[in-house]
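Here's a quick tour of the protein in front of you, going from a few side chains out to the whole fold. Keep the viewer open and follow along.

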Amino acid sequence: MRITLLSIGSRGDVQPFVALGRGLQHAGHTVTLVAPTDFEALAAGHGLKFAPIRLHMRSLARSEVGRAWTGSGQNPAEALRQAIRAIRILSTQTQADAPDACRDAEAMIYSSTAAIMAGYHIAEALGVPAYQASLQPLFNPTGAFPNPLLPALSAGGWGDAWPVQSYNWLTHIANQQIAWQPIRRQTNRWRREVLGLAPLPLAGPYDRIAAAQVPFLHAYSTAVVPRPPDWPPWVHVTGYWFLPAPGGWQPPAALLDFLAAGPPPVAIGFGSMSGDDLESTVAILVAALKRARVRGVLLTEWATMGAAPVPDDLFVLDAIPHDWLFPRVAAVVHHGGAGTTAAALRAGVPSVVVPFFADQFFWARHMDALGAAPPPVPRKRLSPERLAAGIRRAVEHGEIRSRATELGRRIEAEDGVARAIAAFHHHLGRSRR
């Protein structure tokens, strides 16, 4: 079967789909990844066909819109305004490129980000089985917890849990509309003019998705976020979708020498975060390592060291497979992105989470609640003193390390890709009856 995977976002958003595609190909399917141009080499390195969305995510992240969005922090109004700007840029190019890229699909699996922009509509136009996949519990309402993109509500003073559950449910409905309304008019016009479909109602496709029982595949572990009891049976929590390093990959010799020259360092990486003040963030990181008296490995990825000198007890590199590095470090300082959080948990090492925006606060709260990290230090409150205190607690606190190790064993024992493929085949069989 020809399966098209559609994912829009940073490497942390796309890489799990490469892992899923790799598994689907091993199961006998032909898989094409449709994603921004940044990820053509990643797809090719794992044997997947690739069709580009003509977006360069690194350039977008470094643009005025990208810097403003990732730097918006916990200011809900500003975060929403910048998110809308970014969503419109992403949806315009995705709607231009995705129909042709998906034309040969016999089934589609699309990310939550890509679903309302294009994936759901293209699958409808093609008349093929459709699946939505997400790294976060974004689009299935529940009373168990608030939507990861919206604030949590303390239960204190409410007297019982019912108002909190109602609030949680409403945050998921609100997120659906936050995603749909900014692109409603352009999407309905695109449905008519390009796909030949009728426009969708004011509230969007969500009632239709629920009525059609479109399967959802959530790529995280129930050890981290338990499956809510109020979700329907076609909503699955499969476990994480991890991608092994390409065959023949070897770490840099200089990094091996650095690791061997002293005690395990602390890994630090903020993924695709690129706010206007990122260079000052790097300066805080360097000062915090010195104050905490630990060595560090800094993954700059889409960031920059600027003109800052590199001390002898810090090793800097652009990127490296997390599944190789993280088991070799004492702790991981990261932004709380879904992919980095998953990798740190799987490695069984403590985290120190510095959330910048969006779902990163959700994962930061869960890491703290699970006991695998000290309380998070939001970027807006980051200082050398606070970060150093968090690092020392993560490195020295035995209970945090024990809990991280226990979670790592549980997650390592899961095979999220295999469970996702089993769910895919199960619903594929039902759709053919």
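Let's start with Glu396, which is exposed, with a relative accessible area of 51%. Keep in mind that this is a predicted model. Glu396 pairs up with Arg392 in a salt bridge, and the closest N and O atoms there are 1.8 Å apart. Arg392 counts as partly exposed, at 22% relative accessibility. Both residues sit in helix α15, 4 residues apart, so about one helical turn separates them.

What about α15 itself? Helix α15 covers residues 384-396, and its 13 residues should span 18 Å at 1.5 Å a residue; the end C-alpha atoms are indeed 18 Å apart. Its buried residues are Pro384, Leu387, Ala388, Gly390, Ile391 and Ala394. Look down the axis of α15 and these buried residues fall within an arc of 160°, so they line one face of the helix.

Back to charges for a moment. Side chains of opposite charge can pair when their charged atoms come close. The structure holds 9 salt bridges, and here are some of them:

| Salt bridge | Closest N to O distance |
|---|---|
| Asp97 and Arg54 | 2.6 Å |
| Asp100 and Arg103 | 3.0 Å |
| Arg392 and Glu396 | 1.8 Å |

Take the pair of Asp97 and Arg54, whose side chains meet in a salt bridge. Asp97 belongs to helix α5 (residues 76-101), while Arg54 is in the loop between β3 (49-53) and α3 (57-62), so the pair ties together parts that are 43 residues apart in sequence. Asp97 is buried, with a relative accessible area of 9%, whereas Arg54 is exposed at 57%. Elsewhere, Glu124, Arg191 and Arg208 are linked in a network of salt bridges.

Now for a helix that is tucked away. Helix α14 (residues 360-370) has 8 of its 11 residues buried, so the rest of the structure largely encloses it. The buried ones are Gln360, Phe361, Phe362, Trp363, Ala364, His366, Met367 and Leu370. What covers them? The cover includes β11 (331-334), α13 (338-347), β12 (351-353) and α16 (398-413). Right after α14 comes Gly371, with a positive phi near 85°.

Helix α7 (residues 162-180) is worth a look too, and Leu170 is found in it. Leu170 is exposed, with a relative accessible area of 55%, and together with Trp169 and Ile173 it makes a nonpolar surface patch of about 280 Å². Asn168 lies in α7 as well, but Asn168 is buried, at 4% relative accessible area. Leaving aside neighbours within four places in sequence, Asn168 is in contact with Thr142, Gly143, Ala144, Phe145, Pro146 and Asn147.

Over in helix α1 (residues 11-26) you'll find Arg22. Arg22 is partly exposed, with a relative accessible area of 28%. Not counting residues up to four places away in sequence, Arg22 touches His46, Leu48, Leu243 and Pro244. From Arg22 to Ala43 is 21 residues in sequence and 9.1 Å in space, C-alpha to C-alpha.

Finally, zoom out. The protein has 17 helices and 12 strands, and 55% of its 433 residues count as buried. Among contacts with a separation of 6 or more, 64% are between residues 24 or more positions apart. The protein exposes about 18000 Å², with carbon and sulfur atoms supplying 54% of that.

Key
Residues are numbered from 1 along each chain as its sequence is written. This is a predicted model: local features need pLDDT of at least 70, side-chain atom pairs count only at pLDDT 80 or more; totals for chains, interfaces and linings use all residues. Side-chain values use heavy atoms; hydrogens and water are left out. Patches are made of residues with over 30% relative accessible area and no salt bridge: like charges are joined within 9 Å, nonpolar side chains (Val, Leu, Ile, Met, Phe, Trp, Tyr) within 5 Å. Accessible areas come from the Shrake-Rupley method with a 1.4 Å probe; for residues, only the protein chains shown count as cover. A salt bridge is a side-chain nitrogen of Lys or Arg within 4 Å of a carboxyl oxygen of Asp or Glu. Helices (H or I, at least four residues) and strands (E, at least two) are DSSP runs, numbered from the N terminus. Buried means under 20% relative accessible area, exposed over 50%, partly exposed in between (1.4 Å probe, protein chains only). Contact means heavy atoms within 4.5 Å. The expected span of a helix is 1.5 Å times one less than its number of residues. The arc is that of the directions from the helix axis to the C-beta atoms.
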